[in-house]
Amino acid sequence: MKEITKAQEELLKALWKIDEGAVSDILDSLPEPKPAYNTVATVIKVLEKKGYVAHKTYGKTHVYYPVVAKKDYAHHIMKDTFKNFFNNSIPQLVSS
């Protein structure tokens with residue numbers, strides 16, 4: 001899995017919450033203060049290029065949906081944290 005930014009992760013979380021939706025649907029599910037529509041559209045396209053999101057087209061509307069399950073992403077993050085911060089060492093993890 002490719003690394004994503006906090007902003008990308010927040011949009012991915014919003015998409016997991018609604019299952020699928022257009023950019024406006026994703027924007028509606030975000031807390032205040034909401035980013036600009038164009039910002040959300042750009043970040044979603046980046047997530048799509050990284051393989052986290054895909055879309056279906058209905059006329060001129062793209063409906064986005066997550067390709068990576070929340071559980072799989074959480075597993076990746078935990079594994080990466082364990083490796084990078086604790087050198088794959090359970091004693092280091094526990095002592096922390």
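1. K17, a residue of helix α1, counts as exposed, because its relative accessibility is 57% and the cut-off for that class is over 50%. The model is a predicted one, and this value, like the others in this note, is best read with that in mind. K17 is also placed 8.1 Å from S29, C-alpha to C-alpha, although 12 residues separate the two in sequence.

2. D19 belongs to the loop between α1 and α2, and its backbone deserves a look, since D19 is not a glycine and yet has a positive phi of about 75 degrees. Most residues other than glycine have a negative phi, and most peptide bonds are trans. D19 is exposed, because its relative accessible area is 55%, against a cut-off of over 50%.

3. The loop between α2 (23–28) and α3 holds P33, and here the peptide bond that joins E32 to P33 is cis, with an omega of about -10 degrees. A reader who is checking the backbone may wish to view this bond together with D19, whose phi is positive.

4. What lies inside helix α1 can be illustrated by E9, a residue of that helix, which is buried because its relative accessible area of 12% falls under the 20% limit. The side chain of E9 makes a polar contact of 2.6 Å with the side chain of Y73. Leaving aside residues up to four places away in sequence, E9 touches I4 and Y73.

5. I4 and Y73 appear again at the largest pocket, where they are among the residues nearest the centre, together with E3, I77 and D80. The space in this pocket comes to about 240 Å³, and its lining is made up of 15 residues. By class, that lining has 6 nonpolar, 4 polar and 5 charged residues.

6. Which helices supply at least two residues each to the lining of the largest pocket? They are α1, covering 6–18, and α4, covering 70–86, and α4 gives the most, with 7 residues.

7. The length of α4 can be checked by simple reasoning: at 1.5 Å a residue, its 17 residues should span 24 Å, and because the C-alpha atoms at its ends are 23 Å apart, expectation and model agree. The helix is followed by N87, whose phi is positive, near 50 degrees.

8. The second largest pocket has a volume of about 180 Å³, and its lining, too, consists of 15 residues, with E10, L11, L30, P31 and P35 nearest the centre. Two elements, α1 and α3 (37–49), give two or more residues to this lining, and α1 gives the most, with 6 residues. By class, the lining of this second pocket has 9 nonpolar, 2 polar and 4 charged residues.

9. Taken together, helix α1 is a useful place to begin when viewing the model, since α1 supplies at least two residues of the lining of the largest pocket and gives the most to the lining of the second largest pocket. The same helix holds the buried E9 and the exposed K17, and the loop between α1 and α2 contains D19.

Technical notes. Residues numbered from 1 in each chain as written. Predicted model: local features only at pLDDT ≥ 70, side-chain atom pairs only at ≥ 80, totals over all residues. Heavy atoms only, no water. 1 Å grid on protein atoms, 1.4 Å probe; cavity = no way out; pocket = protein on both sides within 12 Å on 5 of 7 lines; lining within 4 Å. Points joined across faces, edges and corners; volume = space filled by probe spheres on them. Helix = DSSP H or I, 4+ residues; strand = E, 2+ residues; numbered from the N terminus. Nonpolar A, V, L, I, M, F, W, Y, C, P; charged D, E, K, R; others polar. Buried < 20%, exposed > 50% of the residue type's maximum accessible area, 1.4 Å probe, protein only. Polar contact = N/O pair within 3.5 Å; in protein donor to acceptor, adjacent residues only side chain to side chain. Contact = heavy atoms within 4.5 Å. Expected span 1.5 Å × (residues − 1).
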